[in-house]
Amino acid sequence: MLQGKTIVLGVTGSIAAYKIASLASMLIKQHADVHVIMTKNATNFIHPTAFETLTNHKCLVDTFDRNFQFHVAHVNLAAQADLMMIAPASANVIGKLANGIADDMLTTTAMACKAPMLIAPAMNTNMYENPVLQDNLEKLRSYGKEIIEPASGMLACRDVGKGKMPEPEVLLQYILRTAAREKDLAGKKILVTAGPTQEAIDPVRYITNHSTGKMGYAIAQEAMLRGAEVTLITGPCALEPPMFVDVCPVVSAQDMYEAVVSRQQESDVIIMTAAVADYRPSTVSDEKIKKADGSLSIPLTRTTDILKTLGERKRTGQFLCGFSMETQNMLENSRSKLAKKNLDMIVANNLKVAGAGFGTDTNVVTLITPDSEKELPLMSKQEVAGRILDEIKMR
Ligand code: CTP
């Protein structure tokens, strides 16, 4: 996701410094060009060679090192950066950044850098709560720097409280949000539904389906990366929801109906990927379903068609997209759903095609609108998500 992007990591003297080796490695796996600058204190916690091995670049520490490829290395790197992250950021370096002190390679580069800057403070709780530090953070925010809230937990000094650097996986998500995509969906409110629904038969059992939620989660993440304000209404899934998305967990079709309908008017785009159960048990009770011969008889009632309701209430300018899972006559059945539910687009899946449908990381879909039809080749669900959003953006 970071192909062609230059990420500069500034590492300061805190025990969390060693975790930045994992972050550097994750960024390399995302195809970023990673450069690391350390303060001298940071080298007490992790050796520059670790970063040099991972990034294939000289790890910069001292401004007066004569061994540079460019003699204005700090300015050069600052100009190349698509993003600079300072993590862990010590109270000392935060103080310098907030007050214009540039006395080493890291602070000099930061001073010269116009790219977005993310700062992850990491320190003892009392230091973090010190009003001087808080004022410095406020000042940095006012200069447009993003401050990543430290996590709470047991700190290196054995105190328990706020001050821990978030895990590298979390820092990676911050970097992706800032640098991975153009913000071409900024200002759009996008509502996505995902996963199956569960319909209780009795207090123990339920009816559900094979949906894993992967497609909907991929759309929610991709829309968030492209700058949209995203709400994800999700049935029970085993997936980690994407960060920076407003997640609303639901269980039954009725729960999903209420959650979606109550947010319809505020949404610019609604994408229903959820495999909503078409039927639910009419009553939730042990006695009614057990027959005298021991067999089960479950009277079923149709659930409300959420998408059809949305289609009936669609406001001007709102874009409504549904999904259809078909085993035969895919195009014909999907087209009829598009018309019946008053949709702007339907994403048709043929469950019989290899690589499509439930549980896989790939999908094969056709994007159908009232006046067009685009058959996409086999691609990852993340890529499909991107293509769906491209199509919506064009309309
Ligand atoms: N859908 C919905 N509410 C339901 C059932 C389906 O909102 N109670 C939505 C799904 O999220 C999907 C679209 O309708 O986006 C099409 O779902 P699908 O199950 O393929 O179509 P149905 O209209 O339920 O028709 P059928 O199951 O008979 O094919």
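This short presentation describes the surroundings of a ligand, a pocket, a cavity and two details of the backbone.

Good morning. Please bear in mind throughout that the structure before you is a predicted model.

I shall begin with the ligand. Which pocket does the ligand sit in? The ligand is found in the largest pocket. Two elements each give two or more residues to the shell around the ligand, namely helix 12, residues 306-312, and strand 16, residues 319-326. Of these, strand 16 gives the most to that shell, with four residues.

How many residues surround the ligand? There are 15, and the closest are Ala274, Asp278, Leu307, Lys337 and Lys341. Sorted by class, this shell is made up of seven nonpolar, four polar and four charged residues.

Let us now look at individual atoms. At Ala274 the backbone is involved: one of its N or O atoms lies 2.7 Å from an oxygen atom of the ligand. At Lys337 it is the side chain, where an N or O atom is 2.7 Å from an oxygen atom of the ligand. At Thr303 an N or O atom in the side chain is 3.3 Å from a nitrogen atom of the ligand. As for cover, the ligand on its own has 570 Å² of accessible area, and the protein covers 80% of it.

I turn next to the pocket itself. The largest pocket contains about 710 Å³ of space. Its lining comprises 25 residues, and those closest to the centre of the pocket are Val276, Asp278, Phe323, Lys337 and Lys341. You will recognise Asp278, Lys337 and Lys341, which were also among the closest residues to the ligand. Which elements supply at least two residues each to this lining? They include helix 12, strand 16 and helix 13, the last spanning residues 330-340. By class, the lining of the pocket has twelve nonpolar, six polar and seven charged residues.

We now leave the pocket for the cavity. How many cavities of 30 Å³ or more does the structure hold? It holds one. The space in this largest cavity is about 150 Å³. Among the 17 residues that line it, Ser211, Met215, Thr273, Met325 and Phe358 are the closest to its centre. Helix 9, residues 214-225, and strand 16 are the elements that give two or more residues to this lining. Helix 9 gives the most, with three residues. Strand 16 should be familiar by now, as it also contributes to the shell around the ligand. In terms of class, the lining of the cavity divides into five nonpolar, ten polar and two charged residues.

I shall finish with two details of the backbone. The first concerns a proline. Is the peptide bond from Ala87 to Pro88 cis or trans? It is cis, with omega near -10°. Pro88 itself lies in strand 3, which covers residues 83-89.

The second detail concerns His31. This residue is not a glycine, yet its phi is positive, at about 70°. Where is His31 placed? It belongs to the loop between helix 1, residues 20-29, and strand 2, residues 33-38.

To close, I would ask you to locate the ligand in the largest pocket, and then to find strand 16, which gives four residues to the shell around that ligand. Thank you for your attention.

Definitions and conventions:
Residues are numbered from 1 along each chain as its sequence is written. Side-chain values use heavy atoms; hydrogens and water are left out. A residue is near a molecule or strand if one of its heavy atoms lies within 4 Å of it. A polar contact is a pair of N or O atoms within 3.5 Å; within protein, one must be able to donate a hydrogen and the other to accept it, and residues adjacent in sequence count only if both atoms are side-chain atoms. Accessible areas come from the Shrake-Rupley method with a 1.4 Å probe; for residues, only the protein chains shown count as cover. On a 1 Å grid over the protein atoms alone, a cavity is a set of points where a 1.4 Å probe fits but cannot get out, and a pocket is an open set with protein on both sides within 12 Å along at least five of seven lines; lining residues have an atom within 4 Å of a point. A molecule sits in a cavity or pocket if more than half of its atoms lie within 2 Å of its grid points. Ala, Val, Leu, Ile, Met, Phe, Trp, Tyr, Cys and Pro count as nonpolar, Asp, Glu, Lys and Arg as charged, and the others, Gly among them, as polar. Grid points are joined across faces, edges and corners, and a volume is the space filled by probe spheres set on the points.
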